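The text below walks through two ligand sites, one after the other. Please keep the sequence and the structure in view while reading.

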Amino acid sequence: MTIEQTISQAGRATDSAAPWTPSVVGEIAEVISNDCVNAEYRHLVVRCGAVSASAQPGQFFQLLCPHSDGAQPFLRRPMSLYGADPVRGEVEFLYKIAGAGTRGLATLGAGDSVDIMGPLGAGFTLDPSLRHIVAIGRGAGLATLAPLAKAAKANGTRVTAIFSARRPELVLSVDLFTGQGADVIAVTDSEGTSGPAHIERILRGLIAENRCQAFYTCGSSRLLRVQQRLAREFEIPGQVAMEQQMACGIGLCFCCVRDFNVGGEIVSRRVCWDGPVFDMMEALP
Amino acid sequence: MIDLSVRIGNLTLANPVMPASGTFAEGLDKVMDFNRLGAFVTKTITRELRAGNPLPRVVERAGGLINSIGIPSKGVLYFLEHTLPYYAGYKPPLVVSISAPTAEDFAQLAAEMSVPGVDVIEANISCPNIEEDGKAFAMRASSTESVVRLLRAATPLPLWVKLTPNTGDLPDVARAAELAGADALVVANTILAMAIDLETFKPCLGNIMGGLSGPAIKPIVLRQVYQCARTVKIPVIGCGGISTTEDAIEYMLAGAAAVQVGTATFVQPAAMTTIIDGLVRFCERRDIARVADLIGAVLNEESDEVELAWVAPPQ
Ligand SMILES: Cc1cc2nc3c(=O)[nH]c(=O)nc-3n(C[C@H](O)[C@H](O)[C@H](O)COP(=O)(O)OP(=O)(O)OC[C@H]3O[C@@H](n4cnc5c(N)ncnc54)[C@H](O)[C@@H]3O)c2cc1C
Ligand SMILES: Cc1cc2nc3c(=O)[nH]c(=O)nc-3n(C[C@H](O)[C@H](O)[C@H](O)COP(=O)(O)O)c2cc1C
């Protein structure tokens with residue numbers, strides 16, 4: 001949703017009959033598990049209320065991280081939705097230990113409480129008429145793309161996922177994608193397969209086989225540029241989930257702005273509110 | 001039933017809790033029922049279209065954050081066409097925060113913003129005044145008085161004047177604003193601050209310096225509210241580090257007639273409504289019929305006045 005659209009939805013009339021209900025909540029969730037996935041990443045599963053568990057692919061939460069080693073992260077930390085189960089009332093995150101906040105998250109164990117706020121932002125849109133899409137991610141970007149696999153399967157859309165990482169043992173979530181029937185191609189720096197030229201060859205192959213009707217991407221500006229070029233050449237639509245340092249996460253503070261090219265005009269948008277998912281062609285890598 | 005209403009000049013607010021400028025936007029209606037707020041306060045609006053400051057625009061420090069957002073503004077027309085109609089659908093009064101680089105521009109903007117649907121003009125005079133070498137209007141009593149005088153003449157609406165905590169002359173500045181015709185004071189904006197990254201040896205903010213807000217500044221601004229409230233007769237609205245009901249009550253005891261909540265919303269998005277609920281519970285527990293009774297009720301000496309007996313109810 002753009003700022004323009006949201007603002008033009010008139011405020012709720014004073015005499016409106018429908019009682020107000022929240023669509024974003026800050027709540028204390030219960031940790032179900034918080035396990036290591038590899039040397040760098042952890043997988044956090046929490047039990048939460050219905051509003052949080054209704055999160056859609058591409059949306060994110062702001063987690064209030066526990067204090068650790070005397071460090072007191074003041075702001076919440078943004079984390080993409082990795083999985084949501086509205087029936088069980090659960091959401092999942094996949095996070096990399098990067099600094100004080102995520103180190104604090106890593107201290108959580110089953111039964112502990114964690115304050116989560118969400119679902120936030122505008123997620124991916126999946127056109128059910130698409131037969132085959134490509135998801136390309138690198139690093140924590142894969143966490144953001146992961147819920148797409150399930151949503152696409154529900155629509156009967158096939159997914160080819162291209163995962164990029166530094167080393168093979170850091171490739172994440174392959175099972176999650178293959179479990180939903182996706183084809184996974186892993187490329188790594190250590191094997192020399194993650195360069196843009198190689199990825200472009202893979203993508204051209206998929207396009208030729210008509211297995212790339214839309215791009216979904218996150219986590220690498222280099223890969224974004226490759227996709228933008230191909231998207232222009234073959235007129236393929238695409239969506240990109242972007243990151244930026246955030247404070248409020250809900251469009252109040254204007255700290256996470258980025259420039260976008262909208263029809264030749266440079267427009268500043270809030271990643272947390274107008275995104276984090278944007279039209280791939282408007283993103284400036 | 002606890003009476004939560006407070007009066008700010010001629011305006012009655014349903015309760016004393018409202019957002020601080022720049023920390024509130026439409027998105028928060030996903031989190032709280034806007035009709036519960038005492039008032040709306042917009043992000044500061046300027047005449048010129050502005051992009052705001054270079055990134056990074058925020059950095060966190062113990063108990064708070066330093067921001068150099070600047071004032072990215074879409075200008076007056078955008079406000080009139082988009083923002084104003086949006087708030088028209090809600091009950092709470094709309095406080096429009098404005099700013100300008102000269103006193104003349106300030107007055108002109110106040111006049112342009114005095115349209116139906118706007119209930120109060122909040123003049124953010126903590127911004128740089130280009131006629132005074134970039135020093136904020138609110139740094140000195142003289143520049144405060146001249147800008148507020150022009151503002152007063154320019155708008156028939158209630159005029160709130162937002163002061164900076166960065167001046168050593170705060171009571172004088174407060175008095176100058178009152179003399180020049182302000183209907184209320186907002187105390188205060190952020191405290192000028194800085195942070196340096198030990199990895200890069202560079203300042204953490206793109207703008208080098210920024211404004212500190214959040215719990216870290218509360219005791220300082222509380223003292224300033226106390227000083228201002230004793231100096232002027234017009235209402236003082238407290239703003240600085242308020243995150244909990246207790247913080248809000250402390251401010252009211254110090255003399256604040258209402259409070260603005262800023263940074264706390266970034267951490268707990270429902271902070272404002274949580275504080276309102278807490279005020280009701282506090283007043284019930286202490287048998288205080290009207291929240292307005294808290295205003296300036298701090299006791300400086302031992303007092304045996306009967307009407308203040310609720311301050312320490314017998315066990
Ligand atoms: C919408 C969104 C979704 C995200 N989803 C995930 C996710 O699913 N999994 C995951 O591991 N990470 C994700 N991130 C990044 C994550 O928020 C940061 O890694 C985290 O905030 C770091 O906090 P910290 O206190 O541990 O580290 P800090 O000490 O704050 O920072 C450590 C390092 O991380 C960098 N960093 C800080 N904040 C961000 C940020 N917002 N984006 C990129 N780098 C940052 C810092 O510049 C620094 O170099 C996401 C970020 C955004 C904006
Ligand atoms: C991100 C951010 C943006 C702000 N923008 C404005 C602004 O546009 N105009 C203004 O008068 N004050 C602005 N402020 C200051 C707040 O309104 C408030 O005075 C200050 O943050 C202290 O209150 P707090 O500690 O509750 O946040 C801003 C503060 C923050 C943190």
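A polar contact is taken here as a pair of N or O atoms within 3.5 Å. By that cut-off, a polar backbone atom of G241(B) is in contact with ligand 2, since an oxygen atom of the ligand is 2.6 Å away. The model is a predicted one, and side-chain atom pairs count only at pLDDT 80 or more.

Two further contacts belong to this site. A backbone N or O atom of S21(B) lies 2.7 Å from an oxygen atom of ligand 2. K43(B) takes part through its side chain, with a polar atom 3.0 Å from an oxygen atom of ligand 2. The protein covers 97% of the accessible area of ligand 2, which is 600 Å² for the ligand on its own.

The shell around ligand 2 holds 23 residues, and the closest are S21(B), T44(B), K162(B), G241(B) and T263(B). Thus S21(B) and G241(B), both among the closest residues, are also residues whose backbones supply the contacts given above. By class, the shell has 14 polar, seven nonpolar and two charged residues. Which chains surround ligand 2? Residues come from chains A and B, so the site is shared between chains.

The other site is that of ligand 1. Here 19 residues form the surroundings, and R77(A), P78(A), K96(A), G101(A) and T102(A) come nearest. Backbone atoms again supply polar contacts. For P78(A), a backbone N or O atom lies 2.6 Å from an oxygen atom of ligand 1. For G101(A), a polar backbone atom is 2.7 Å from an oxygen atom of the ligand. In the case of L94(A), the partner of the backbone N or O atom is a nitrogen atom of ligand 1, at 2.8 Å. On its own, ligand 1 has 850 Å² of accessible area, of which the protein covers 71%.

Ligand 1 sits in the second largest pocket. Three elements of chain A give two or more residues to its shell: β4 (77-80), β6 (90-96) and α3 (100-106). Of these, β4(A) gives the most, with four residues. The shell is made up of 10 nonpolar, six polar and three charged residues.

Where does ligand 1 lie with respect to the domains of chain A? Domain 1 (3-7 + 22-120) and domain 2 (132-282) both give residues to the shell, so ligand 1 lies between them.

Terms used:
Residues numbered from 1 in each chain as written. Chains lettered and ligands numbered in written order. Predicted model: local features only at pLDDT ≥ 70, side-chain atom pairs only at ≥ 80, totals over all residues. Heavy atoms only, no water. Near = heavy atom within 4 Å. Polar contact = N/O pair within 3.5 Å; in protein donor to acceptor, adjacent residues only side chain to side chain. Areas by Shrake-Rupley, 256 points an atom, 1.4 Å probe, with all protein chains shown as cover. 1 Å grid on protein atoms, 1.4 Å probe; cavity = no way out; pocket = protein on both sides within 12 Å on 5 of 7 lines; lining within 4 Å. Sits in = over half its atoms within 2 Å of the grid points. Nonpolar A, V, L, I, M, F, W, Y, C, P; charged D, E, K, R; others polar. Domains from an automatic or database assignment.
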